[in-house]
Structure formats: C-alpha cells, structure tokens
Amino acid sequence: MGGLPSGRPTLICGEAGSGKTLFSIEFIVKGALNYGEPGVFMAFEEKADELKTNVASLGFDLEKLESDKKIRIDYVHIDRAEIEETGEYDLEGLFIRLGYAIDSIGAKRVVLDTIENLFSGLKNEGILRAEIRRLFQFLKSKGVTAIITGERGEKSLTRQGLEEYVSDCVILLDHRIINQISTRRLRIVKYRGSVHGTNEYPFLIDDEGISVLPVTSLELNKDVSSDSISSGVPALDQMLGNAGFYRGSSILASGTAGTGKTRIAASFANATCLRKEKCLFFAFEESPKQIIRNMRSIGMDLQKHVDKGYLEFYASRPTLFGLEMHLVAIHKAIRKFKPDVVILDPITNLITIGSVSEVKTMLVRLIDFLQTEQITVMFTALTLNNIVNEQTDEGVSSLVDAWLLIRDIENNGERNRGLYIMKSRGMKHSNQIREFVITDNGLDLVDVFLTEEGVLTGSAREARLLLEQTGEIIHEQAISRKDRELIRKRKVLESKIDSLRSEFESAEEELNKVYVEEALKKQIMGDTLSKMTDLRRADVSKPIKSKKKSR
Amino acid sequence: MEESGQLNPHTQLVDEHYTLRLFIAGSSPISVRAVTNLRVICEEFLQNRYTLEVIDAHQQPLLVRDENVTAMPMLIKKTPSPKKRLIGDFSDRERVLIGLGIKY
C-alpha cells in the first residue's frame, strides 16, 4: 500500500456511476494541490465545463487550478455522424494533444477518461487497438503516472478488453445496493510488484471527495498502553482491580432495555472530561440535549464539559445513511476532534441498516482504527431478554477487551439491576455480581446479599439489611446484658472474697491472740520463775536453812 | 502550405466554395499519401472552388486541440455545411466523395 504505481498506467474499471471519473479527477486534483504534481485530464465523455461544474460540488476548483497551470483539461470528442473514414489513419492527433498538454505544464499525472469512447466513434478496431497499445507505450516513455478508466464489460473487466494493455495495476470499482442502501466498494485486482490487500474496500464519495477505509488492518501489531483510566464509577473501578479500564482498550456495556447503559457511558464520559481529556459521544438513539437533561437527573452536568470543549456529541439516526458512511463519518469526526475517549451509544441500532456480519466488520474496523490511535472506546449494546446465551447481537463480544454486563434481576415483584464483569483482558477483575444503583449523585455499585435463598437485591436487600441491623442491636443488647450479669457476679464474688478475707483475718487475729497470750503467759511465767529462783538464791547465804526447809 | 482555386463557372454542381483544413503529422508515409490523394480528388471535383489548408499537427498543437483532432490524417470540411470530418489517407474515393458531400 503506497499509492498507485508511479510512472506506470493504472486501469480503473467499474460500472456506470461507480465513481471512476471522480476517482481519477481526485487523483489529478490532489496531485496538483498536495504533491505539486501537475496533471492532465483528458475527458472523452464529459465536456470540460460539465466536468468543472460536476466536481465543484466536491470543492474542487478546476478553473483556478487550470489558470494556475496546475492542471489541464482536454475534452476529446468524436462524433460518429460527423466522421467519415476514408482509409488508413492513426491517432497521432491524440498523441500530439496529450504530449503538448503534458509538456506545457510538466505534468506528472495523466487521466484518460474514458478512452473506450474512441471505440464508439471510430470503426476500425484494429487500428484503435494498435494505437491504444502505442498510447500506453507513449505514456510510459513520458514517465507519467496514468489512470485509464474503463466501463465494466459483461465478462471481462472492461468492454473492450483494455486490461490486456494495462498490466501493472487494475482497480475495480463497484457500486452495490443492499437493503436500499448503497455501498461503494473498491478492489485491487492486480498490482505488480506490490503487496496489496485483495479484499474489497468500501469507499465513499462525500463532500470532501473519496475516502477509502481498509476493511481490517493487515496485521495485529498495534501499540498497547498499560495506563488505566477511571470508568467514572469508583465502585466499578474497584471491581476492575482498583484501576479502571486500560487506555486504548475497547469496552462493551451490554444489557437489556432500561438497565442504565447510557448512564454508564455518560459517567465514563464525565470522568474523562473531569480529567480534562476529550470525549466524543456518538449518540444513535437520543439527541445530545436529551442525554444532557437525563444525566442531570443523576447529578451529572455534561453541559459544562460541552461548553468547555471537552465533550462533543455527534448524534445521527442510524438509518440516515449506510454503514460505510457512518464509519467514515465516525472516522472523520474522530480525526477532527482527536478525542481520548469515544463512546458509541448504542451500536445495536446500527443493525437496522446492515446485516450482523456487516455491522461486525464495521466495528472490527472501527476498533482497529481506534486502537491504532490509542483511543479508548465504549460501546453500549442492547441485549434482548429472549437471547439465552450471552452474545450481543453484533457479535462484538469477542473483539472487545472488557465487557460489562448489566442484567435485570427480577425478585419479589421488583426489578433490579445487577452488574458484573464478563471479561476484562489482562486485569484482576472481580467475579462478583454487584447491584447497580442509580442515585441522585450518580451511579454506585452495592454488594449484593448472598444468603441461603440466593442473591438479594433491591428492597429485599434493604429488608435483609434492616433485618440484620435489628438482629445486631438485639444481639448487642444480649451481649450487654450478659456483660452486666458478669459484672454483677463478679461483684458478688468479690464481696464474698472480701467477707472471707475478713473472716480469715478475724480468725487469724484470734489465733494470733492465743499465741500472744501464750507468749505473754510464758514470759510472765518465766519472769516469775526467775524471780522465784532469785528468791531461792537469796536463801543460799543461808543454805542450811533453806535446805532444811526444802527437804 | 496554402492553395486556393478560383471559382469555376463551368461546373455543373451547385456554386459552393469549399473551405478545407487538413491535419497531417509531418511527412509520415500516411500523411504524404493523404495529401496526394486529396489533391487529386479536389482537382477533379472541386477545381477552382476550394481552399485547402494543410497543417502539420506537430507544429501547431494548440490548433490540434482547438479543432478537436484525434485521428490523423483528418480533413475538416468547414464549408459548406454540414461540418464533416474525414479521416484516413483518402484512398477510399467513394467515401471521400460522400464525406465531402459531392456524392450521395
């Protein structure tokens, strides 16, 4: 992929109205404007004036380019009624004109649109074929890059078999209408000496000319970022390993009707804008004003982001134009606004204008494009209740990096929202179902109650919570009663201990008293004894006396 | 390379002056043949009532474009109307006469 083969002729063929002339004129104009390569446009079909008027609607001012000597338009007309063939001839006149036009402005690019018209004006096919062969030789020798357009034939690529002369590069344009919506496609049939995509590439003609978008990138070699960005719901970030989504990843939020997909998307947008990053919001269902009003009800002011230029809405009805046009419009809007985050809400509506496989291819291409640009994208998708398996209609679930599923949980005559993360590539994410609640202050995720009866949500959860709270109070009370009992018991015991101790003390005292008395007695007795001894000793001076007495 | 003939009162055909312009590419065999053949025809049928301008396309490419010349040699009959273009080396005499409006 790198443009047309330079210095060689390229054949562009297609049916009437497939955009051949436009493709070639854009080749000339862009060459002149952007690459400084003057070009010659030799028209065999349209007059120069007609051509100028026709492409003016695409913003090409051929008049000015021509007066600036950037391009030269030459209208070659052959009217069969006017011409009488009287013998042998050649197309030298054409060569002279072309040669002169090329030399006069130093052209590097040449378009012959549509050279096959010569066949309708001139009868002698033998001469024409020989001359056309010579013409291609002439173009090659001039070293110009040429585009030759040709009407598509019944069996061959072109009616007159021009492809046999142009062997370097053949591009086929096609214009198909499926379900009342037209899609233009382009295919490179051959391109010698170049690796080319062989797929059909849809292309578009709009007010800026032709846009071609590759169906898918040839390789999967995109840069990845390990930065993460907040989802705007703190509890959700926690579920996603406390970080949020990876930058440049693709996120799918799917759920049934009224589960709050748009709100998730809006809070993601809000978080992005609060980080002072740019967010582009593609709304396929609601008008921007509606979204802003609705989000205000949950305490989110998107209007101020819009005013500051961080947020831009792009609302369009899916049925407005074909998928291709949508894709190109999205591309253009993204290239213009250069957002960090893109939101598509919802992709489900696109299914109304294309088949599942087409929508899928479109989204693959979009994701491809966004990932190469390092833009985080969030899709929302509506899943239908009757779909048992967890597939989104668009089949993008395998493409996205993270998938949030919001489900209705019907219980106790009410409907509640349960959110869980189906997948999040490369992240430790929670496997829990959380209840997704929308409050006046935004979104929140609440732990659900896992009980013997199953998962409880909504009022059942509240009731359960209440029940548990009551239980707790009762429990607490019970505990405090027991505590008091214990204290009382302790007091009783302690008093008992006290009385015992005092009893013991009195007993001890009693005992001590005895001892003391005993000791006193002993002492007193001792005293008296010694006194008596002393007294006896006094008698020793008169021992006989005393002896006599004692005996 | 201009050649003009006077009006010939003796012709049976309608009194009309032929203004002819012939584009050739230099002196290629086919060009030479074309000039020769055309002169013979003109002298025979349009003696003294034609103006023939022979133009070398290589010398006047702008004129080639303005006259919308493609195949060569090309003879443009400007008058009398209708305007006609004759291409080829004029070897097919019948077709030349038809083309010039001399024979129907």
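A:Ile83 stands opposite B:Arg85, a residue in strand 5 of chain B. That pair is a good place to enter this predicted model. It belongs to a link between two chains: strand 4 of chain A and strand 5 of chain B, residues 84–87, are joined by 3 bridges. The two strands run parallel. As a general matter, strands of a sheet pair through backbone hydrogen bonds, in either a parallel or an antiparallel sense.

Now widen the view to the whole contact. Chain A brings 21 residues to it, and chain B brings 29. On the side of chain A that touches chain B, two elements give two or more residues: strand 4 (83–85) and helix 4 (92–105). Which of the elements gives the most to this side? Helix 4 of chain A does, with 6 residues. The side of chain A that touches chain B is mixed in class: 9 residues are nonpolar, 4 are polar and 8 are charged. For the model as a whole, the scores are ipTM 0.81 and pTM 0.61.

Take chain B next. It has 104 residues, and 32% of them count as buried. Its elements are 3 helices and 5 strands. Along the sequence they follow the pattern β-β-α-β-α-β-β-α. Contacts in chain B reach far along the sequence. Of those with a separation of 6 or more, 70% join residues 24 or more positions apart.

Confidence varies along chain B. The average pLDDT is 80, and 85% of the residues score at least 70. Where do the extremes among its elements lie? Strand 1 of chain B, residues 2–4, has the lowest mean pLDDT, at 44. Strand 2 of chain B, residues 18–24, has the highest, at 89. The low score of strand 1 sits in a longer stretch: over residues 1–12 of chain B, pLDDT stays under 50. For that stretch the model has 14 contacts beyond four places in sequence.

Chain A holds 551 residues, of which 39% count as buried. Its elements number 14 helices and 23 strands. Here too, contacts with a separation of 6 or more can be split by distance in sequence: 70% of them are between residues 24 or more positions apart.

One residue shows how such burial comes about. A:Leu65 lies in helix 3 of chain A, residues 62–67. Why does A:Leu65 count as buried? Because it has 20 C-beta neighbours inside 10 Å. The cut-off for a buried residue is 20 or more. Beyond its neighbours within four places in sequence, A:Leu65 is in contact with A:Val29, A:Ala32, A:Lys70 and A:Ile71. Take A:Val29 from that list. A:Leu65 and A:Val29 are 36 residues apart in sequence, yet their C-alpha atoms are 8.2 Å apart in space.

Further along chain A comes an open sheet of 9 strands. Read across the sheet, the order is 15-14-16-17-13-18-19-20-21, and the pairing is mixed. Strand 15 (311–315) and strand 21 (442–447) are the edge strands, each pairing on one side only. Neighbouring strands are turned by 25° against each other on average, with direction ignored.

Step through some of the pairs. Strand 13, residues 250–255, and strand 18, residues 402–411, of chain A run parallel and are joined by 5 bridges. Within this pair, A:Ala253 has A:Leu404 as its bridge partner in strand 18. Strand 19, residues 414–424, and strand 20, residues 434–439, of chain A run antiparallel, with 2 bridges between them. There A:Leu419 stands opposite A:Arg434 in strand 20.

Strand 20 of chain A also pairs with strand 21 of chain A, over 6 bridges and in the antiparallel sense. A:Thr439 stands opposite A:Gly442 in strand 21. How many residues lie between the two strands of this hairpin? There are 2. The hairpin brings the reader to the edge of the sheet, at strand 21 of chain A. In a regular strand, side chains alternate between the two faces of the sheet.

One more stretch of chain A remains. An unreviewed UniProt entry lists residues 483–517 of chain A as a "coiled-coil region". In the model, that span is 100% helix and 0% strand. Its end C-alpha atoms lie 50 Å apart.

Key: Residues numbered from 1 in each chain as written. Chains lettered and ligands numbered in written order. UniProt positions renumbered as here; feature names shortened; annotations may be inferred. Helix = DSSP H or I, 4+ residues; strand = E, 2+ residues; numbered from the N terminus. Contact = placed C-beta atoms within 7 Å. Nonpolar A, V, L, I, M, F, W, Y, C, P; charged D, E, K, R; others polar. Pairing = 2+ DSSP bridges. Axes fitted to C-alpha atoms, helices over the stretch in contact; angles between N-to-C directions. pLDDT = per-residue confidence, 0-100. Buried ≥ 20, exposed ≤ 12 C-beta atoms within 10 Å, placed from the backbone.
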